[in-house]
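Dear colleague,

I am handing over the structure we spoke about, and below it I have set out what was found when its internal spaces and helix packing were examined. Please read the notes with the coordinates open beside you.

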Amino acid sequence: MKKEPFFKRFVLSTKKLATKIPRYTSKFSNKIYDNRQKLAILVLRQRLKMTYREIVRFLEFNPLARALLNLKRVPDHSTLVKFHNRLKPRILNSLLCDRQANIVAIDASGFQTNHMSYYYANVWHFQDKRKYRRYLKLTIAIDTNTQYIMSNKIRLSPRNDTIDFMSVLRDLKCDYVVADRGYDSKKNRRFVLRQMKAHPEIPYRSISPAYRFNGGAKLEFHKEIYHQRSKVECVFSVIKRKYGNFILSKSFESQKKELICRLIAYNVDRKLILSIWVLGFHQSLSYKSLNSDCNSSFYERTT
């Protein structure tokens, strides 16, 4: 199998994923650019960590990207901004991976809503604390086997982690749910047991009693399964290092959609990386089998 450049496979995968949304919003659309092309550009923008004007200039000087996206001409940055404003978060959330897994890990992390220097934020204006308390709180649930992001919940300003526990896990199907002790509550455990029909692997806090369910039986805690929770921390680390830990949009709705586009870009990247691993694994197996066959044939000729 011929190895294609990673950029080409990313654009093609994003374009294929965008086929899940309607091509045009209305039958009266001018049909110069369709919704799938513009969505692929938005996801590519997050992958390359560019602004709207920068991604437009990138497409103007990159004929390969235009050919992969079937663009006869490059859209203006205002076209992309208007399409981004019209997008619905539920449409973007539908582009995430499947809702079924064996072990699901959940956690939350913050993203900055401005991009300023460390000196300006911490030294020059260190007394004005009100400017830097505003950030996005992202809660995600991942499949620990593939590290795909399955669902998410985004809130503005500091919030407690446990309030988004049920909303993130409501549509998921799994056998185990792993979370840190910040999600320890009887309400959360009851939701996992009775609504999700799964087993909660959540450690008890020091101030929490030993909850008992199912007629007084105490829940068992599996440390081996709970250690899978560290993978969700790895996912946050990858997102912030590869795509940035700050959001450029100004309004909350735009910030939320920009962050979901970033999660879609991560899932596409992760899918390509796993495909490379699987391809390399099969190639190594075929190489080993070929060597074994050659060695056996040589042994038969010599004997």
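How much space lies in the largest cavity? Before the answer, please bear in mind that this is a predicted model, and that what follows should be read with that in view. About 30 Å³ of space lies in the largest cavity, and the count under the rule applied comes to 1 cavity of 30 Å³ or more. The residues lining the largest cavity are Thr14, Leu17, Ala18, Leu39, Val43, Leu95 and Ile264, and by class this lining holds 6 nonpolar residues and 1 polar residue, with no charged ones. At least two residues of the lining of the largest cavity come from each of α1 and α2 (35-48).

The largest pocket is the next item, and its volume amounts to about 450 Å³. Its lining is made up of 16 residues, and those lying nearest the centre of the pocket are Leu17, Lys20, Cys97, Tyr148 and Lys271. Two or more residues of the lining of the largest pocket are given by each of α1 (6-17), β3 (148-156) and α12 (252-302). Sorted by class, the lining of the largest pocket has 7 nonpolar, 4 polar and 5 charged residues. Leu17 is thus named both among the residues that line the largest cavity and among those nearest the centre of the largest pocket.

Turning to the helices, how do α1 and α2 pack? Their axes come within 9 Å and cross at roughly 140 degrees, which makes α1 oblique to α2. The crossing of α1 past α2 is right-handed, and the contact is formed by Phe6, Phe7, Phe10, Val11 and Thr14 from α1 together with Ala40, Val43, Leu44 and Arg47 from α2. By class, this contact of α1 with α2 has 7 nonpolar residues, 1 polar and 1 charged. Thr14 and Val43 take part in this contact, and Thr14 and Val43 also line the largest cavity.

The helix α2 has a further partner in α5, where the two axes come within 10 Å and cross at roughly 95 degrees, so that α2 and α5 are roughly perpendicular to each other. On the α2 side the contact is made by Asn35, Lys38, Leu39, Ile41 and Leu42, and on the α5 side by Thr79, Leu80, Phe83, His84 and Arg86. The contact of α2 with α5 divides by class into 5 nonpolar, 3 polar and 2 charged residues. Leu39, which belongs to this contact, is also one of the residues lining the largest cavity.

Finally, α5 (residues 77-86) meets α3 (residues 52-60), with axes that come within 9 Å and cross at roughly 125 degrees, and these helices are therefore oblique to each other. The crossing of α3 and α5 is right-handed. From α3 the residues Tyr52, Arg53, Ile55 and Val56 meet His77, Leu80, Val81 and His84 of α5, and the residues of this contact comprise 5 nonpolar, 2 polar and 1 charged. Leu80 and His84 of α5 serve in the contact with α3, and Leu80 and His84 are likewise listed in the contact with α2.

With best wishes

How values were computed. Residues numbered from 1 in each chain as written. Predicted model: local features only at pLDDT ≥ 70, side-chain atom pairs only at ≥ 80, totals over all residues. Heavy atoms only, no water. Axes fitted to C-alpha atoms, helices over the stretch in contact; angles between N-to-C directions. Helix = DSSP H or I, 4+ residues; strand = E, 2+ residues; numbered from the N terminus. Parallel < 35°, antiparallel > 145°, perpendicular 65-115°, else oblique. Left-handed = near helix turned anticlockwise from the far one by under 90°. Contact = heavy atoms within 4.5 Å. Nonpolar A, V, L, I, M, F, W, Y, C, P; charged D, E, K, R; others polar. 1 Å grid on protein atoms, 1.4 Å probe; cavity = no way out; pocket = protein on both sides within 12 Å on 5 of 7 lines; lining within 4 Å. Points joined across faces, edges and corners; volume = space filled by probe spheres on them.
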